[in-house]
Amino acid sequence: MGLLRLTKGHRGRIAVAVTLTLAGSALGLAQPLLVRDIIEATGSGHPLTALVTVLVALFTAQALVQAAAGYLLARAGEYIVLGIRLDLVSHLLRLAMPCHDRYRVGDLISRAGTDSFALRRVVADGCADAVTGVIGLGGAVAVLIWLDPVLFLVVAVLVAVGLCTLVPVMRGMGQAALGSQRATGEMAGDLDRALSALRTVRASGAERRETERIGNQARVACEQGLRTARLNAAVGPASHLAVDGSFLVVLLVGGVRVSTGESSLADLVAFLLYITYLAVPISSVFQALSALQESRGALCRIDEVLALPVETDELAPAVAARRPGPAPMLEFRDVWFGYDPGLPVLRGVSFRVPERGHIALVGGSGAGKSTIFALAERFYDPDRGEILLRGADVRTMPRSACRSLIGLVEQHSPVFHGTLRENLMYAAPGASEDDVARVIALANLTELVSDLPEGLDSPLGERGARLSGGQRQRIAVARALLNRPALLLMDEPTAHLDPVNEAALGSAIEQVASDCAVLVAAHRFSTVRAADQVVVLEGGMVVAVGGHEELMARSAYYRRLAGGWRTDRVYVD
């Protein structure tokens with residue numbers, strides 16, 4: 001991401017600000033010439049009122065113009081940073097799932113927050129400093145050459161020396177800034193890790209260990225920040241060397257030239273005034289270079305995220321052959337898939353889910369049940385084989401079209417910060433009150449709604465902290481049902497339910513299955529027994545398909561699973 005590309009869409013405002021800055025610099029450059037004229041007029045006895053009035057007017061106009069230019073540049077900078085943040089948020093929410101598997105959530109949040117904020121200095125302040133500094137410096141240099149080329153050469157040598165001292169400083173500053181941003185990202189990742197499992201941390205007495213872990217990253221960030229500060233401290237002396245040193249040398253050399261008659265006192269005073277005017281633009285240029293180097297780390301990390309692939313709706317040509325008869329709601333045909341190359345999780349999986357009915361998936365831990373759900377939702381695409389929705393290969397359909405047909409109840413039943421109503425209507429924000437009441441009854445949430453102080457408009461806390469596991473699970477079920485999906489995927493829907501709510505959910509599944517397809521990763525005997533068909537997975541392969549009684553009669557592996565049932569639960573995950 002280059003700085004020039006960052007200015008896209010804001011170049012008009014920046015151009016206006018640059019024009020105003022140029023006008024302000026011109027007004028400032030004219031003032032020493034007027035001072036020279038006032039000195040000469042004083043010696044010759046000419047009236048000074050008009051010259052002093054013009055000088056005051058120029059000074060006032062310069063202040064107003066520069067204020068307007070500074071505001072416009074700062075405004076453009078803020079909007080550029082806003083654009084970066086919006087791009088990052090959009091990109092992160094559409095990031096391909098394998099990327100989310102690879103990066104830590106806290107680190108990604110840090111890039112959208114801390115890193116984008118770090119760009120504010122280079123965009124808002126750095127751009128302003130660079131523009132005003134370069135324009136002011138260019139104008140001052142032109143006038144200095146016109147006034148006295150010999151003295152200008154003295155100034156140029158000293159400024160060049162100051163710039164040379166900054167070259168190694170700038171290189172080290174960029175490396176230190178990148179190290180600081182990376183350490184901050186790691187710290188955010190470790191903090192997210194601890195806070196997302198805070199009860200486990202406290203129950204394990206691990207507060208001190210987590211504090212030390214997070215503190216180590218904070219110390220690394222501090223060390224890199226101090227390194228940046230030490231290097232940045234060299235910028236001030238370099239600019240002082242360029243300006244203050246020039247002033248002293250010019251005063252010495254210019255005084256000699258005035259005493260020998262090679263230059264006039266008025267020209268020397270004007271030249272010295274222009275050198276003092278150089279202080280601001282030279283300092284601005286040095287600070288802009290410093291800001292650019294400090295922001296390199298943030299730019300690098302943001303570019304790294306924006307270069308990651310996102311989910312696309314690029315469609316593949318239709319290659320799946322339609323089988324005779326009505327198409328099933330969902331069909332897996334010889335599907336192979338692995339999260340890592342060469343390590344398949346699914347090995348030639350094939351099964352069908354009819355338009356209506358209740359299908360159960362059972363198998364041991366790691367058999368591939370959750371992976372099947374992830375592929376059905378197109379969080380990933382298969383390495384080989386085909387996945388069909390209503391007879392169409394999902395790769396020939398936009399992801400949004402696939403997901404609009406599917407409702408998902410995840411294993412961990414996430415609840416968002418917000419009210420119960422907002423959580424229920426998350427996938428269907430335009431749902432009617434009657435529809436909301438319907439899913440509340442189906443998921444047996446009526447008692448919860450009545451117990452909450454503000455009913456549906458009660459806040460649920462961060463990640464539903466005020467709810468039990470069973471309540472969170474029933475909210476997830478209701479949320480998935482509200483959109484009236486054609487295919488409902490339920491991963492361990494009864495894991496945290498008591499017998500009463502389990503029975504209520506079983507009735508809801510039976511009712512919903514009469515209208516749509518329901519595929520359940522089953523973990524309780526009651527769910528398996530109630531299914532119209534059971535798909536048995538072992539080692540990423542389908543080893544048996546049939547009803548419960550049929551499988552008990554003919555599948556040895558299924559009978560072994562059944563032998564592990566205790567207290568009406570299948571302990572398979």
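## A tour of ring pairs and a helix crossing

Start by selecting Phe351: at 5% relative accessibility, this residue counts as buried. Keep in mind as you go that the model is predicted.

Now add Phe332, which counts as buried too, with a relative accessibility of 1%. Turn the view until both rings are visible: the centres of Phe332 and Phe351 are 4.9 Å apart and their planes lie at 15°, so this pair is stacked. Colour the strands next, and you will find Phe332 in strand 1 (residues 330-337) and Phe351 in strand 2 (residues 346-353), 19 residues apart.

Next, select Tyr339 and Tyr380. Their rings make an edge-to-face pair, with 5.3 Å from centre to centre and 85° between the planes. Tyr339 sits in the loop between strand 1 and strand 2, while Tyr380 sits in the loop between helix 12 (369-376) and strand 4 (384-389), so the pair ties together parts 41 residues apart in sequence. Is each one buried or exposed? Tyr339 is partly exposed at 40% relative accessibility, whereas Tyr380 is buried at 11%. Add Phe337 to the selection, and you have one aromatic cluster of Phe337, Tyr339 and Tyr380. In total, the structure holds five aromatic pairs.

For the last stop, show helix 15 (residues 433-442) and helix 17 (residues 469-482), whose axes come within 9 Å and cross at roughly 140°. That angle makes helix 15 oblique to helix 17, and the crossing is right-handed. Show the side chains where they meet: Asp435, Val436, Arg438, Val439 and Leu442 from helix 15, and Ala478, Leu481 and Leu482 from helix 17. By class, this contact has six nonpolar, two charged and no polar residues.

Notes
Residues numbered from 1 in each chain as written. Predicted model: local features only at pLDDT ≥ 70, side-chain atom pairs only at ≥ 80, totals over all residues. Heavy atoms only, no water. Axes fitted to C-alpha atoms, helices over the stretch in contact; angles between N-to-C directions. Helix = DSSP H or I, 4+ residues; strand = E, 2+ residues; numbered from the N terminus. Parallel < 35°, antiparallel > 145°, perpendicular 65-115°, else oblique. Left-handed = near helix turned anticlockwise from the far one by under 90°. Contact = heavy atoms within 4.5 Å. Nonpolar A, V, L, I, M, F, W, Y, C, P; charged D, E, K, R; others polar. Phe/Tyr/Trp six-rings, centres within 6.5 Å; stacked < 30°, edge-to-face > 60°. Buried < 20%, exposed > 50% of the residue type's maximum accessible area, 1.4 Å probe, protein only.
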